[in-house]
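Open the model in your viewer and keep the selection tool at hand. The stops below go from the whole chain to single side chains.

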Amino acid sequence: MEAKERIYNGMLMNGFLALLVNLVVLPVLAFLTMYYMLDVTWFSIPVMIILSLAFFIMFAGYVLLSLPLGKDSVALIAMAGALLAISLGTGLFKGNLQVMVGDLYNEPKYAQKRDSGFQLFYMAINIGAMF
């Protein structure tokens, strides 16, 4: 049985290597990037804990969604649970982003520009949703 090769970000990979990159390498890089930002930049510890929790919840949802469970009721329950976990993790990210945008305008000299900042934030989210 010959493994099918796929092109992933310009690289030719077989199925196992693509699975390894998607489920191990990219999440680890994202997680390490978050901890680098905690150590070096302005992120606070509670925000990083919530972002890490959101990351693991979404990761668990995507792993559960990727399992081939067939067509019976167990598969439907697992799919619903996976989608619920992905939604919960995404909701944790979205709430934190709004707080971080709001905190950018805490200084009195920037307070009058808070509404414009949120308009740009929501415009960027809606444009990103189209792609």
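How much surface does the chain expose, and what share of it do carbon and sulfur atoms supply? The exposed area is about 9800 Å², and carbon and sulfur atoms supply 71% of it. Keep in mind that this is a predicted model.

**Whole chain**

Colour by pLDDT before selecting anything. The average over the chain is 77, and 72% of the residues score at least 70. Among the elements, strand 1 (residues 5–8) has the lowest mean pLDDT, 58, and helix 4 (residues 114–129) has the highest, 88.

Switch to a cartoon view. There are 4 helices and 2 strands, and along the sequence they follow the pattern β-β-α-α-α-α. Of the 131 residues, 23% count as buried. Among contacts with a separation of 6 or more, 42% are between residues 24 or more positions apart.

**Stop 1: a nonpolar patch**

Select Val24, Val25, Leu26, Val28, Leu29 and Leu32, and show their surface. Together these residues make a nonpolar surface patch of about 480 Å². Now pick out Leu29, which is in helix 1 (residues 15–40). Leu29 has a relative accessible area of 47%, so it is partly exposed.

**Stop 2: rings in helix 2**

Next come the aromatic side chains. A pair of aromatic rings is described by the distance of the centres and the angle of the planes. The chain has 5 aromatic pairs. For one of them, select Phe55 and Phe59: the ring centres are 6.4 Å apart and the planes are at 15°, so this pair is stacked. Planes under 30 degrees apart count as stacked. Phe55 and Phe59 lie 4 residues apart in helix 2 (residues 45–66), so about one helical turn separates them.

Is each of these two rings buried or partly exposed? Phe55 is buried, at a relative accessible area of 14%, whereas Phe59 is partly exposed, at 28%. Add Phe56 to the selection: Phe55, Phe56 and Phe59 form one aromatic cluster.

**Stop 3: rings in helix 4**

Move on to Phe118 and Phe121. This aromatic pair is edge-to-face, with 6.5 Å centre to centre and 85° between the planes. Phe118 and Phe121 are 3 residues apart in helix 4, so they too are separated by about one helical turn. Phe118 is partly exposed, with a relative accessible area of 23%. Phe121 has 13% relative accessibility and counts as buried, because buried means under 20%.

How values were computed. Residues are numbered from 1 along each chain as its sequence is written. This is a predicted model: local features need pLDDT of at least 70, side-chain atom pairs count only at pLDDT 80 or more; totals for chains, interfaces and linings use all residues. Side-chain values use heavy atoms; hydrogens and water are left out. pLDDT is the predictor's confidence in each residue, from 0 to 100. Patches are made of residues with over 30% relative accessible area and no salt bridge: like charges are joined within 9 Å, nonpolar side chains (Val, Leu, Ile, Met, Phe, Trp, Tyr) within 5 Å. Accessible areas come from the Shrake-Rupley method with a 1.4 Å probe; for residues, only the protein chains shown count as cover. A salt bridge is a side-chain nitrogen of Lys or Arg within 4 Å of a carboxyl oxygen of Asp or Glu. Buried means under 20% relative accessible area, exposed over 50%, partly exposed in between (1.4 Å probe, protein chains only). Contact means heavy atoms within 4.5 Å. Rings of Phe, Tyr and Trp (its six-membered ring) pair if their centres lie within 6.5 Å; planes under 30 degrees apart count as stacked, over 60 as edge-to-face and the rest as tilted.
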